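This report walks through one protein model for a reader meeting it for the first time. Look at the sequence and the fold, then read on.

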Amino acid sequence: ELMASGASAIGAEEREVYGRIRENLKRLEGSGWFLNELKSFPVDNCGQAAVLVVLQYREDGALHVLLTKRSGRVAVNKGDAAFPGGKFDAQLDRGPVENALREAQEEIGLDPAAVDVVSVLPPSLYGGSPTSKTRLAVTPVVCTLNTREVTLTANEEVSDIFWVPLQSFLDSTNHRAFKLMWPEHWFIGSIVHCPDSATKETKTVWGLTAAIAIAVAAMATNRMPAFPFTALALQHKGGNSYTSNNLALTQRQIASKL
């Protein structure tokens, strides 16, 4: 059993900060700020999934975000940092909010009553090639803790639960781009090295999780990343380019909105 605690009912300062986050995200949701290129992919029969992005404002005056480490028992991405979340279940979920909350409760024991949902962001494609049969449209659901103290318990899919400062995802010293090559396509994205909020141990976050965290950090705090943040991109043979992440933004686009 793994436990991770936040620092009883939130006060006026937290409510003010969370109110600003809600306003920032809602303002940007409908502004055309996102790269709306999910339609570029053949998304017929694409599976649906959702992740829960949990934010907490702490006494250090900073926002922190909740992440997990996937255990060795999962089928894919063993050992990777990830947001709690998983596939949509039509028998249990009415939409992405219920999907994300249910998965977070199953994976880390997070009581849905302990959070307030502030935004549902556009989905991003996960799963590699546009022709992949395992691709998923992943919807980030952003929420804030409505309590200063929360106890989390990992299930068998999770080997660690931790928090990192949200601003870490905007710092150029923590960030580097990467490019992966396959016979038929290449993929480019972000790797972020950030400190565990409690232990200061360096945690590595990459791929779609990093892209979502960077975008949420920029939107929630009204701050640009201190590096050029290009899309999670895929180049397929034949010359077609795709943007797999609706949340990945260029520096110019961020500057035009913040």
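## A starting point: Val97

Val97 is partly exposed, because its relative accessible area is 22%. The cut-offs run as follows: buried means under 20% relative accessible area, exposed means over 50%, and partly exposed lies in between, with a 1.4 Å probe and protein chains only. Val97 belongs to helix H2, residues 96–108. Helices (H or I, at least four residues) and strands (E, at least two) are DSSP runs, numbered from the N terminus.

Which residues does Val97 touch, leaving out those up to four places away in sequence? They are Val117, Val120 and Val141. Contact here means heavy atoms within 4.5 Å. Take Val117: it is 20 residues from Val97 in sequence, and the two C-alpha atoms are 7.9 Å apart.

## What kind of model this is

This is a predicted model, in which local features need pLDDT of at least 70 and side-chain atom pairs count only at pLDDT 80 or more, while totals for chains, interfaces and linings use all residues. Residues are numbered from 1 along each chain as its sequence is written, and side-chain values use heavy atoms, with hydrogens and water left out.

## The chain as a whole

The protein chain holds four helices and 15 strands. It has 258 residues, and 53% of them count as buried. The exposed surface of the protein chain is about 12000 Å². Carbon and sulfur atoms supply 50% of that surface. Accessible areas come from the Shrake-Rupley method with a 1.4 Å probe; for residues, only the protein chains shown count as cover.

## Strand E2 and its partners

Strand E2 covers residues 47–57. Nine of its 11 residues are buried. E2 pairs with strand E8 (residues 136–145) in the parallel sense, over nine bridges. Two strands pair if DSSP finds at least two bridges between them. Gly47 has Leu136 of E8 as its bridge partner.

E2 also has antiparallel pairings. One is with strand E5 (residues 85–87), over three bridges. There, Val51 stands opposite Gly85. Another is with strand E3 (residues 63–70), over three bridges. Here Leu55 faces Val65. E2 and E3 form a hairpin with five residues between the strands. In that hairpin, Gly61 takes a positive phi near 80°.

## The nonpolar cores

How many residues make up the largest nonpolar core? It has 40. A nonpolar core is a set of buried Ala, Val, Leu, Ile, Met, Phe, Trp, Tyr and Cys residues joined through side-chain atoms within 4.5 Å. Those with the most contacts inside this core are Ile21, Val53, Leu55, Val65, Phe83, Val142 and Phe169. Several elements each supply at least two of its residues, including helix H1 (12–29), E2, E3, E8, strand E10 (158–165), strand E12 (185–195) and helix H3 (207–221). H3 gives the largest share, 11 residues.

Another core lies apart from it, with 20 residues. Among them are Ala104, Cys143, Leu152 and Val158. Back in the largest core, Ile21 is one of the residues with the most contacts. Not counting residues up to four places away in sequence, Ile21 touches Leu55, Leu63, Val118 and Ala220.

## Charges over rings

Two rings have a charge above them. The charged end of Arg58 sits over the ring of Trp163, 5.0 Å from its centre. Lys203 lies over the face of Phe162, 4.6 Å from the ring centre. A charge sits over a ring if NZ of Lys or CZ of Arg is within 6 Å of the ring centre and within 35 degrees of the ring normal.

Arg58 and Trp163 also appear among the contacts of Ser197, alongside His64, Val164 and Pro165, leaving aside neighbours within four places in sequence. Ser197 lies in the loop between E12 and strand E13 (202–206). Ser197 counts as buried because its relative accessible area is 11%.

## Two positive phi values

Most residues other than glycine have a negative phi. Lys200 has a positive phi, near 70°. Lys200 lies in the loop between E12 and E13. Lys200 is exposed, at 57% relative accessibility.

Asn222 also has a positive phi, near 55°. Its place is the loop between H3 and strand E14 (233–236). Asn222 is partly exposed, at 34% relative accessibility.
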